[in-house]
Amino acid sequence: MGKIGRRGAIIGLLAMVLVGAAENTAAGVPQKKDYLSAVEADKIRDAETTDGRIKLFLTFADDRLKKFQYELEHPSMNHHPEILSALMNAYIGCVDDAADLIQLGREKQDNIRKGIELMASRTKQFLVVLEKLAAEGPERELYKENLDDAIEGTRDALQEAEKAKKEVAPPPVRRRNGR
């Protein structure tokens, strides 16, 4: 897909989300966190393991962060501040959901070692991007509050992953009989 086609798809998706959110708010219905597409929600539902769900949420968070950067570099003519806000909020939601799954997996004693490792490595990468945006990102005044929340949430998720690494037991070592 070319730049224009990809950008059009991003803008179309975000416009639908923004229109739906505006309709819900106007009708007096509380706005719900609906930052996953139907296909993404199906992937989350269909994932067989907590580890798989963690990986998906981190993939979706990465996607939102890349789309956010793209929107900064190629601002849309309409709803630019709203698009930036929606993308950053969606990123935050994905990271928070992945962190919640780590906590749930630990409580249920699921095998989530890969998800924990992925959370630790990806959130470190996300923080580099977010902190760079905080220091030198264009139009920071449009998204500063959401960016601050994203940095705080990403740091919390990283701390959760580091804590979980220490608490989750390593896999059992298989020993062979007959040395």
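**Exercises on aromatic pairs and a buried isoleucine**

Phe-68 and Tyr-143 are both buried, where buried means under 20% relative accessible area, exposed over 50% and partly exposed in between (1.4 Å probe, protein chains only). The model is predicted: local features need pLDDT of at least 70, side-chain atom pairs count only at pLDDT 80 or more, and totals for chains, interfaces and linings use all residues. Residues are numbered from 1 along each chain as its sequence is written, and side-chain values use heavy atoms, with hydrogens and water left out.

**Exercise 1.** Classify the pair formed by the rings of Phe-68 and Tyr-143 and place it in the chain.

Step 1. Rings of Phe, Tyr and Trp (its six-membered ring) pair if their centres lie within 6.5 Å; planes under 30 degrees apart count as stacked, over 60 as edge-to-face and the rest as tilted.

Step 2. The ring centres of Phe-68 and Tyr-143 are 5.0 Å apart and the planes stand at 85 degrees, so the pair is edge-to-face.

Step 3. Helices are DSSP runs (H or I, at least four residues), numbered from the N terminus. Phe-68 lies in helix H3 (residues 50–73) and Tyr-143 in helix H6 (residues 140–167), so the pair ties together parts 75 residues apart in sequence.

**Exercise 2.** Describe the surroundings of Ile-116.

Step 1. Ile-116 is found in helix H5.

Step 2. Its relative accessibility is 2%, so Ile-116 counts as buried.

Step 3. Contact means heavy atoms within 4.5 Å. Leaving aside neighbours within four places in sequence, Ile-116 is in contact with Ile-102, Ala-161, Ala-164, Lys-165 and Val-168.

Note on methods
Helix = DSSP H or I, 4+ residues; strand = E, 2+ residues; numbered from the N terminus.
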